[in-house]
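Colleague: I'm new to this one, could you walk me through it? Rings to begin with, please, and then whatever else you have on the surface and the interior.

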Amino acid sequence: MITYTLLSAVVLIAVFVFGVAVLKTELFSSSKFWIAYSIVVFFQLLTNGYLTSQEIVTYNPEVITGTRIAFAPIEDLFFGFALVTLTMFIWERIGSSKKVDKASK
């Protein structure tokens, strides 16, 4: 059985490799990325804290490590980072290809 922890780690690594090696973006060196991501993390922690404190969302302790940051399991933070980063990698790639198209016209 693939645990939530293992799956989140695999997704995190896959997105990192895809962005850096395949798309060849330099997103991680941009302060804009880290500012945007810090805003996302703030709201992710706020939302996760509310949802878990109200027991709207519960986690099976058999499939997570139990490590939490402000009520959010580390696995949720990994998945959140992977999803946001993948979106920004693709956004960056689409934006840069549009700039090339405009420059060639």
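**Rings, a patch and a buried acid**

Modeller: There are twelve aromatic pairs by the rule used here, under which rings of Phe, Tyr and Trp (its six-membered ring) pair if their centres lie within 6.5 Å, with planes under 30 degrees apart called stacked, over 60 edge-to-face and the rest tilted. One of these is the stacked pair of Phe 16 and Phe 28, at 5.4 Å centre to centre and 20° between the planes. This is a predicted model, in which local features need pLDDT of at least 70 and side-chain atom pairs count only at pLDDT 80 or more, while totals for chains, interfaces and linings use all residues. Residues are numbered from 1 along each chain as its sequence is written, and side-chain values use heavy atoms, with hydrogens and water left out.

Colleague: Where in the chain are Phe 16 and Phe 28?

Modeller: Phe 16 is in helix α1 (residues 4-22) and Phe 28 is in the loop between α1 and α2 (31-53), so the pair links parts of the chain twelve residues apart; helices here are DSSP runs (H or I, at least four residues), numbered from the N terminus.

Colleague: And why is the pair of Phe 28 and Phe 81 called stacked?

Modeller: Because the ring centres of Phe 28 and Phe 81 are 6.2 Å apart and their planes are at 10°. Phe 81 is in helix α3 (residues 74-104), 53 residues from Phe 28.

Colleague: Is Phe 81 buried or exposed?

Modeller: Phe 81 counts as buried because its relative accessibility is 17%, where buried means under 20% relative accessible area, exposed over 50% and partly exposed in between (1.4 Å probe, protein chains only). Phe 28, at 22%, counts as partly exposed.

Colleague: Switching to the surface, which residues form the nonpolar patch?

Modeller: The patch consists of Ile 35, Ile 39, Phe 42, Phe 43 and Leu 46, with about 530 Å² of accessible area together. Ile 35 is in helix α2 and is exposed, at 51% relative accessible area.

Colleague: Last topic, what is Glu 75 in contact with?

Modeller: Leaving aside neighbours within four places in sequence, Glu 75 is in contact (heavy atoms within 4.5 Å) with Tyr 4, Thr 5, Ser 8, Ile 64 and Thr 65. Glu 75 is found in helix α3.

Methods: Helices (H or I, at least four residues) and strands (E, at least two) are DSSP runs, numbered from the N terminus. Patches are made of residues with over 30% relative accessible area and no salt bridge: like charges are joined within 9 Å, nonpolar side chains (Val, Leu, Ile, Met, Phe, Trp, Tyr) within 5 Å. Accessible areas come from the Shrake-Rupley method with a 1.4 Å probe; for residues, only the protein chains shown count as cover. A salt bridge is a side-chain nitrogen of Lys or Arg within 4 Å of a carboxyl oxygen of Asp or Glu.
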